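The exercises below concern enclosed empty space in a protein model, and each task is followed by a solution that goes step by step.

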Amino acid sequence: LELQPGCLLSEKELSDMLEIGRMPVREAIKKLELDHLLTVMPRRGIKVTELRLEDIAQQMDVRAALERVIARSAARKSTTAERKKFLQLAEAGEKATREKDYLESVRVDNEFNRFVSKCARNIFASSAIAPLHALCRRLYYYQYSTDDKLTKSIDEAHYKLMRAIAAGEEDLSEKLSDELMELVERLYKLKLEK
């Protein structure tokens, strides 16, 4: 969020800001545009995608369905070592929540999202959810401090889900995934509905 949603930039400005050549910036712009984080506006510049309530509702519909599939599949297909890793992530996240370290909390959430997608062993679900995770991570960071009680509930829901996956509980993982997505959607809408 160093680049505010809605701001307009040029390729040169980004290159200068990052102190790297224009070619890698151009490649990054293409990837970020595919992830719906930037919009290239010919002869006008590059616009950081705005946060819009109607977009969030559409994203959450798709994300909730994919998260459910991924959680159930990861609970079924995770190895013993991967189950241990889910427990480690839950402990790291709980510590970050206790210490009110929101950057660490967001980092743990990001690591969990990537890891659970890998453990689901479904390349189609993983590929489909990756750009949604990028959009949601930005929004989660943006909204994180809006409602401390709701954020804490979301964090705790994440850790319950991690533990259910670690225990191999498919039905519970699916149920907790749905509950988590409902909480996340409530948080996302808070600032944007006003």
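**Exercise 1.** Determine how much space lies in the second largest cavity, which residues line it, and which helix gives the most to that lining.

*Solution.* In this predicted model, the second largest cavity holds about 40 Å³ of space. The next step is to list its lining, which is made up of Arg63, Glu67, Phe112, Asn113, His158, Leu161, Ser177, Leu180 and Met181. Assigning these residues to helices shows that α3 (53–77), α5, α7 (148–166) and α8 each supply at least two of them, while α8 gives the most, with three residues. Sorting the lining by class then yields four nonpolar, three polar and two charged residues.

**Exercise 2.** Carry out the corresponding analysis for the largest cavity, giving its volume, its lining and the classes of the lining residues.

*Solution.* The volume comes to about 90 Å³. Around this space stand Arg63, Val106, Asp109, Asn110, Asn113, His133, Cys136, Arg137, Tyr140, His158, Val184 and Tyr188. The helices that each supply at least two residues here are α5 (102–120), α6 (123–143) and α8 (170–193). By class, the lining divides into five nonpolar, four polar and three charged residues.

**Exercise 3.** State how many cavities of 30 Å³ or more a search of the whole structure finds, and identify residues that line both the largest and the second largest cavity.

*Solution.* The search finds two cavities at that cut-off. Reading the two linings side by side, one meets Arg63, Asn113 and His158 in the lining of the largest cavity, and Arg63, Asn113 and His158 also appear in the lining of the second largest cavity.

Definitions and conventions. Residues numbered from 1 in each chain as written. Predicted model: local features only at pLDDT ≥ 70, side-chain atom pairs only at ≥ 80, totals over all residues. Heavy atoms only, no water. 1 Å grid on protein atoms, 1.4 Å probe; cavity = no way out; pocket = protein on both sides within 12 Å on 5 of 7 lines; lining within 4 Å. Points joined across faces, edges and corners; volume = space filled by probe spheres on them. Helix = DSSP H or I, 4+ residues; strand = E, 2+ residues; numbered from the N terminus. Nonpolar A, V, L, I, M, F, W, Y, C, P; charged D, E, K, R; others polar.
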